[in-house]
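Hello,

Here is the structure I promised to pass on to you. Please have a look through it, and below the files you will find my notes on what turned up.

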Amino acid sequence: MIRNGVFLLLALSAVSAWAAPGDAAVLKAQQAFAARKLANLEQAARDVPADHVLAPYVEYWRLMLTSRADDARIADFLARYPGSRMAEALRADWLKSLGARAAWPLYLAEYPRLVKPDIAHQCYAYRAEGVQGNRSHPREAVTLWFTGRDMPSVCTPLFEQLIEAGLIREEDVWRRLRLALEAGNPSVARVVADALPEARRPAVALFDLASRDPARLLDAGKLDFSRRGDREIALYALDQVAKRSTGQAEQALRKLAPRLGEEAQRTAWARLATWAARRHETSALPWFQQAGAMAVNDFQREWWARAALRAADWQAVLRAIDSMGEATRTQPIWRYWYARALQASGQRAAATPVFLELSREFHYYGQLAQEELGPVMQARVVNNVKTSGDDVATVGRQPGIARALALKELGLRSDASQEWNWSIREFSDAQLLAAAELARRMEWYDQAINTAERTRELHDFELRFLAPYRELAQQAARENQIDEAWVFGLMRQESRFVNVARSSVGAAGLMQIMPATARWIAQRLGIRRFHPDEMQNPAKNIQFGAYYLKHVQTSLDGSPVLATAAYNAGPSRAQRWRDSRPMEAAVYIESIPFAETRDYVKKVMSNAIYYAERFGQPSVLLKERLGTVPPRKIPVTAADPDALLEVEQTGD
């Protein structure tokens, strides 16, 4: 614990909590700031000692409420706390005030000191340069235009200037209009269309009808396919129909194809193929072939590769990955599958260097790649080090770390985490490990893990894979006859061992159990007078989570991969994502339509390998742990409404 520069760490991570003078006043000040009650904040601030470790925060809160335009007071604060998280947040707020006031010289002087500018800051900066006659960044400014998302209103004057200067041309307007429609943002597309000559703008009513009743629009004969705008609306309407039914969209596309033109046809086939791939429909691969690589973007190419994986078409996997842009193609996921495709195609010599490079990385694909190399080449050098107590004490004396720990002790977890993450952003590996050990001793488990994971050359895997609540987890795993390492792998992914964790949808505790699920489990276990708040109790939460994990595993043919997917997305979804034939579990995971679940299953299963090693379990390869996903017993039909709507909820 750190209080006013005094660093106290008790042996064996036992930390004594005590209230420093002024703590109650700091809490009142923070509450007043959150409620934007200036008078209450000023009153609380008077009771905070000047030497309190969080006194700068109280001053920062006052400035944020009172002095956006008091440039001198803000500049003084920034000079007294250079490089701090508070300075960054205050500077970000102040710059927006300067931009709104068109105080361009001061804006340009201060902007380079902002570490993480957002879009609004960038737009203000390019506007300021334009006013000052600086035309050195026109390409960077134009780059901001190409997005399907809504942009801050402060960017509108910048875009108007760029259009007037001829730097954003009509073709660029059409490109952004398509991006907005592809992203499902017709309201943004309507605004973008205002930058087109009036005679060439799509009618506003067409945007509305394409969103509300796309099938009717395509059948009603209201589109003039000689107009580019109407063709773009048709592509959007086809995309909307494909969300519900790729079969219906295919019929509409074949009917409209002669009037769409070749480029629009290929674009439409690429979109239909992507929806089909996300639903695991066999039509995906021929439709991607019909689209041609030039009509496919990288998001679509990834689904092209996934469809090819499910079909075990390794040549198509190679073609899809080869066509990806470099930033996508060089991600671990596609490096691994490219090497697998090379190996499956008889090109082992070409695959081995890719596997070897990947095997040096500590993640799911690194583990799989290491296993592909075989026992002779599997060994990798790991600099697994332990930090000293002196190093921990040195890190603990840093002002940002001291503030983070004080904020945590006061229950201000969000501020504490932001302060901590900001403070460690430029730490060396040795400092990161010392900070992670400090967090562990403070039982700040999520930050201990997050910090230890940031190292590049020096590693401490016991810090990366902490195992608190070990006795509770062992007992629950034993009672339910499931693997303890798997329970820990899932718990680490669910909560990072934050017992008070609560998700936005109400999941609670170490294993993130939903209230309805908790009630169901309590009933199954014969527990009467149960209340979901009991999920904050570590013993009960782990007991319930392990019971449910075993239940879904049993109901899904004993597959840990299916059970893990079910724990995150629900058993019915995990069931639907199976195929009518046995499938390599790694391929099943890769083709999960939900991006969150896909990532979740990989990390849980990868975590389990590290925990198994830590717990001294017999060595089992990740590929063996994943196993094979058995065939689905009940076929999914096109009439299944959940299957049709599912991909809309993926967030992918």
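**Helix 31 and its surroundings**

The buried residues of helix 31 pack against six helices: helix 28 (445-452), helix 29 (461-464), helix 30 (470-480), helix 33 (538-555), helix 34 (560-569) and helix 37 (595-614). Please keep in mind that this is a predicted model.

Helix 31 itself covers residues 484-495. From its first C-alpha to its last it reaches 16 Å, close to the 16 Å expected for its 12 residues at 1.5 Å a residue. Of those 12 residues, 11 are buried, so helix 31 is largely enclosed by the rest of the structure. The buried set includes apolar side chains you can pick out by eye, among them Trp486, Val487, Phe488, Leu490 and Met491. Glu484, Arg492 and Glu494 are also on the buried list.

Both ends of this helix deserve a look. At the N-terminal end, Asp483 acts as a cap, with a side-chain oxygen 3.1 Å from the backbone nitrogen of Ala485. At the other end, helix 31 is followed by Arg496, which has a positive phi near 50°.

**Two loop residues with positive phi**

Most residues other than glycine have a negative phi, and here are two that do not follow that pattern. Gln481 is not a glycine, yet its phi is positive at about 55°. You will find Gln481 in the loop between helix 30 and helix 31, where it counts as exposed at 68% relative accessibility. Asp557 likewise has a positive phi, near 60°, and is a residue other than glycine. Asp557 sits in the loop between helix 33 and helix 34 and is partly exposed, with a relative accessible area of 35%.

**The disulfide**

How many disulfides are there in the model? The count comes to one. Cys123 and Cys155 form it, with their sulfur atoms 2.0 Å apart. The torsion about their S-S bond is about 95°, so the disulfide is right-handed. Cys123 belongs to helix 7 (residues 119-131), while Cys155 is in the loop between helix 8 (138-143) and helix 9 (156-164), so the bond ties together parts that are 32 residues apart in sequence. Are these two cysteines buried or exposed? Both Cys123 and Cys155 are buried.

**Thr328**

Thr328 is part of helix 20 (residues 326-329). With a relative accessible area of 10%, Thr328 is buried. Its side chain makes a polar contact of 2.7 Å with the side chain of Asp298. Setting aside neighbours within four places in sequence, Thr328 is in contact with Asp298, Glu302 and Trp334.

**The whole protein**

Stepping back, the protein has 39 helices and six strands. Its radius of gyration is 28 Å, close to the 26 Å that the globule rule gives for 652 residues, so the protein is as compact as a globular protein of that length. Along the principal axes, the C-alpha atoms fill a box of roughly 80 × 70 × 55 Å.

Buried residues make up 52% of the 652. Among contacts with a separation of 6 or more, 60% are between residues 24 or more positions apart. The accessible surface comes to about 29,500 Å², and carbon and sulfur atoms account for 50% of that surface.

Happy browsing, and best wishes!

Terms used. Residues are numbered from 1 along each chain as its sequence is written. Side-chain values use heavy atoms; hydrogens and water are left out. A disulfide is a pair of cysteine sulfur atoms within 2.5 Å. Helices (H or I, at least four residues) and strands (E, at least two) are DSSP runs, numbered from the N terminus. Buried means under 20% relative accessible area, exposed over 50%, partly exposed in between (1.4 Å probe, protein chains only). A polar contact is a pair of N or O atoms within 3.5 Å; within protein, one must be able to donate a hydrogen and the other to accept it, and residues adjacent in sequence count only if both atoms are side-chain atoms. Contact means heavy atoms within 4.5 Å. The expected span of a helix is 1.5 Å times one less than its number of residues. The radius of gyration is taken over C-alpha atoms; the globule rule is 2.2 Å times the number of residues to the power 0.38. Accessible areas come from the Shrake-Rupley method with a 1.4 Å probe; for residues, only the protein chains shown count as cover.
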